[in-house]
Each structure stands twice: as C-alpha cells, then as structure tokens.
Amino acid sequence: MHLSIPPGNMKGTMEGEASPELKLEGDIPARYVMPQQDRPSAAAGVAPIPVIDLGRLSRPDADGGAVEEEAKLRWALETWGFFMITNHGIEASLMDAMMNASKEFFGQPTEEKQKYNNIIDGKRFRLEGYRSELLQSEGQTLDWSCRLSLQVEPEGERSFHLWPKYPKSLRDVLLQYASRTKIIKDCIMRALANLLELDEDYFINRTTTRARALARLGYYPPCPRPDLVLGFKPHYDGGALSILFIEENADGLQVLRNGKWYNVLAKPYTLLINIAECIEIMSNGIFKSPPHRVLTNAEKERTSVAIFYGVDVETVVEPAPGLLDEKRLARFKKIKAEDYYGTVFEHFRQGKRLIDTLII
C-alpha cells in the first residue's frame with residue numbers, strides 16, 4: 001500500500017536498509033523477488049480510463065460540454081477510480097522542466113543522493129527524503145525503485161533543509177508545479193461535491209487549511225527480471241487525492257478490477273488522477289479508491305512525479321451527512337484525521353488497508 005500520509009515526524013523501525021542503487025544486471029537479490037503467487041502475469045488488457053477536459057468540466061457552457069465531462073468523471077470514479085485530465089492549465093514547458101529536474105536528481109552519483117537519505121541514526125526513518133525500500137522484516141519483498149519525497153503543503157511547514165540543492169532548478173520548479181496541481185486538486189474536489197449534490201466546497205473545506213501534500217519523485221531503473229520483480233507492490237493510496245505525471249512512453253502502471261490487472265496507459269502531457277481512502281469514506285463508498293501497482297521493464301527506465309493530497313488533520317473523516325438518510329446508511333465509522341494518519345502507516349507496513357477496519 002502506497003500512501004499519501006502526512007510527512008513530518010512519523011517514524012518507524014527497521015532491521016536494515018535496501019541499497020538505493022539497484023543492480024541492472026546479474027542475479028536479482030532474493031529480497032526483491034516476489035512470492036510465486038504475487039509475480040507479474042499478463043495483463044487482462046488496457047483499462048478504459050477516460051480522458052476528461054478539465055477546462056470544460058470547470059466552466060459550464062451552452063453546448064453541454066460540462067455535463068458530458070461530468071458523466072465521464074462519475075463513471076470513472078464509480079468503476080476504475082482512475083481518470084486522466086487534459087486542458088489542466090499546466091504548460092508543457094513546466095511539465096518538461098519538472099520531469100527533467102527529477103531525472104537530474106536521480107542521475108547523480110550515489111553519494112550525492114545519500115546526503116538526503118531519510119534514515120535517521122541508522123534505525124528510524126521520516127517520510128521526507130531519499131530512499132529505496134526499507135527492509136522491515138526478513139520476509140518482506142522490496143520494490144525495484146527509488147523515491148524522493150518532499151512536503152509541499154502547507155506552505156509554512158516546508159522543510160527546505162531536507163530538499164536537495166541539486167539540481168538547482170528543482171526547488172523553484174517543484175514549487176511552481178505544486179502550485180498548479182493545487183488548483184487542479186481544488187477544481188476536482190468541487191466537481192466531486194457537485195456529482196454527489198453536496199455543497200460545492202464540502203471537500204475543499206476538508207482538504208485545504210492544514211491538509212498536507214507530499215511530492216514524490218519516483219525512479220524505476222531497468223530490471224533484468226521483470227517477471228520476478230515489481231517496481232511498486234500493490235497498494236491503495238491514503239489521504240484524499242493523488243495527481244500523477246508519468247514521462248512519455250513509460251508504461252508499467254496497472255490497476256486491479258474484478259481480480260484482474262489492467263494496464264493504465266497515460267497520454268503525453270496528461271495527468272492521471274485517482275482518489276484515495278478518505279474520499280472513499282466521505283463519499284460513503286460511492287467513489288472507489290483503486291488498488292494499483294507498477295511493473296518493471298528489462299530495457300526502459302521510468303520516472304514519475306506524484307503529488308499526494310491529504311485531508312486537514314483537524315477534520316473528522318466520515319460519510320458526508322448529506323449522503324445519508326433512513327435508506328442510505330453509513331458504510332464506514334467516523335475517524336479523526338489525526339487518528340487516521342497515526343494508524344494508517346502501521347496498517348501499510350502490515351500489508352493491510354485501514355479503511356477495511358472502518359466498514360460497518
């Protein structure tokens with residue numbers, strides 16, 4: 001399970017650290033080899049993820065364009081949990097700069113990247129910083145990927161001392177990019193509320209004031225045995241909403257539906273959106289948080305930029321009252337966001353989903 005949980009002082013223990021520099025040839029270390037039943041198999045096909053014009057969705061017009069986009073959005077949220085957006089307001093030049101800065105960081109020598117390692121005293125870790133997988137137990141299988149995680153929201157809680165100094169453009173580019181994705185997040189949150197016939201700001205009010213956002217730059221190097229190893233194990237996203245930018249021609253993302261894995265193919269300069277656990281709870285299960293994973297590739301590397309948006313730590317995560325009546329009962333127990341974030345990580349480490357413990 002992959003998380004958009006708030007960064008900061010959340011810590012864990014470990015028995016050892018996996019090397020962030022993965023071997024590109026030779027034998028695969030045993031701790032990266034998936035159990036037989038979890039190894040990648042042929043996909044059932046390509047997921048029919050709709051492409052939604054965000055401009056038309058957010059600006060109703062006389063030709064009914066917004067209604068058409070809303071229908072596609074509803075279908076996506078009630079089925080696959082994923083959708084793509086175009087006409088989202090981020091220039092191709094900024095997206096290129098963001099991707100290039102990410103590649104420059106991961107292309108540095110090991111010793112430079114390790115300066116931002118998120119391992120504390122060799123025993124504990126924080127969410128912000130550079131890492132590959134952490135070896136939590138002897139039986140844990142590791143992901144074939146490296147990540148750089150940086151908190152971008154709230155503005156006053158950014159820990160710039162943890163941000164890389166190289167490439168020099170990274171800080172400014174990431175802040176500019178994140179300012180744009182925040183606008184996109186708010187636009188989508190309004191659309192979700194409108195679909196559910198809630199107050200337009202229902203979700204925004206719960207994902208703005210003290211809600212944290214984590215940027216995660218991901219690098220998946222070529223793997224000599226993609227039949228044995230995963231870039232990222234199956235997981236659900238915690239928090240509210242995830243916005244993903246994948247470099248062009250970099251396949252590998254898959255979504256699970258009805259027990260089968262389907263490829264998710266992003267189009268150039270589109271953004272992939274999926275809702276996370278807290279929105280599933282607040283929509284009373286109408287909108288689905290999708291399980292997904294990332295495959296490896298024997299020949300191609302893969303770089304991605306994800307922004308994970310959480311909920312305000314002071315809010316109560318519960319089914320929206322406007323969705324409940326004597327015929328529509330709550331499907332989930334309520335939980336304080338602070339308690340959610342305090343326990344979701346432990347469920348993640350155990351390979352479990354916290355939301356399942358809240359089902360009524």
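# A guided tour of the predicted model

Among contacts in the protein chain between residues at least 6 apart in sequence, 78% join residues at least 24 apart. This is a predicted model, and with the whole chain in view you have seven helices and 18 strands on the screen. Of the 360 residues in the protein chain, buried residues make up 56%, while the accessible surface comes to about 15,700 Å², with 48% of that belonging to carbon and sulfur atoms.

**First stop: the sheet of eight strands.** Select the strands in the order β2-β3-β14-β11-β16-β9-β8-β6, which form an open sheet with mixed pairing. At its edges are β2 (51-53) and β6 (129-131), each of which pairs on one side only, and neighbouring strands are turned by 25° against each other on average, direction ignored. Within this sheet, colour β3 (residues 82-86) and β14, which run antiparallel and are joined by four bridges; one pair to pick out is F82 and its bridge partner in β14, N274. Now add helix α2 (residues 65-78), which packs on the sheet and touches β2, β3 and β14, its direction making about 140° with that of β2.

**Second stop: helix α5 and the nonpolar core.** Show helix α5, which lies across β3, β8, β9 (213-220), β11 (241-246), β14 and β16 (302-309), and which runs at about 55° to β16. In soluble globular proteins, nonpolar side chains tend to be buried together. Here the largest nonpolar core has 75 residues, and those with the most contacts inside it are F83, L192, F203, L271 and I279; the element that gives the most to this core is helix α5 (residues 170-195), with 14 residues. Centre the view on L271, whose contacts, leaving aside neighbours within four places in sequence, include F83, M84, I85, Y177, I184, I243, L244 and F245. Apart from this core lies another, of 18 residues, and selecting I49, W80, I246 and V264 will show you some of its members.

**Third stop: N274.** Move along strand β14 (residues 271-275) to N274. Is this residue buried or exposed? N274 has a relative accessible area of 4%, and is therefore buried. Beyond its neighbours within four places in sequence, N274 is in contact with G81, F82, D237, L241, S242, P290 and H292, and among these D237 deserves a closer look, since a polar contact of 3.2 Å joins its side chain to that of N274. If you display C-alpha atoms, those of N274 and I243 are separated by 6.9 Å, although the two residues are 31 residues apart along the chain.

**Fourth stop: the sheet of four strands.** Next, select β10, β15, β12 and β13, which form an open sheet in the order β10-β15-β12-β13 with antiparallel pairing. The edge strands are β10 (230-235) and β13 (260-263), and each pairs on one side only. Inside this sheet, strand β12 (residues 253-257) runs antiparallel to strand β15 (residues 292-295) and is joined to it by three bridges. H292, in β15, is the bridge partner of V255, and H292 is also one of the contacts of N274 from the previous stop.

**Last stop: D143.** Finally, find D143 in the loop between β7 (134-135) and β8 (146-153). Although it sits in a loop, D143 is buried, because its relative accessible area is 2% and the cut-off is under 20%. What does the side chain of D143 reach at 3.0 Å? Draw the distance to K233, and you will find that the side chain of D143 reaches the backbone nitrogen of that residue.

Technical notes: Residues are numbered from 1 along each chain as its sequence is written. This is a predicted model: local features need pLDDT of at least 70, side-chain atom pairs count only at pLDDT 80 or more; totals for chains, interfaces and linings use all residues. Side-chain values use heavy atoms; hydrogens and water are left out. Two strands pair if DSSP finds at least two bridges between them. Helices (H or I, at least four residues) and strands (E, at least two) are DSSP runs, numbered from the N terminus. Buried means under 20% relative accessible area, exposed over 50%, partly exposed in between (1.4 Å probe, protein chains only). A polar contact is a pair of N or O atoms within 3.5 Å; within protein, one must be able to donate a hydrogen and the other to accept it, and residues adjacent in sequence count only if both atoms are side-chain atoms. Contact means heavy atoms within 4.5 Å. Accessible areas come from the Shrake-Rupley method with a 1.4 Å probe; for residues, only the protein chains shown count as cover. A nonpolar core is a set of buried Ala, Val, Leu, Ile, Met, Phe, Trp, Tyr and Cys residues joined through side-chain atoms within 4.5 Å. Axes are lines fitted to C-alpha atoms, for helices over the stretch in contact, and angles run from 0 to 180 degrees between N-to-C directions.
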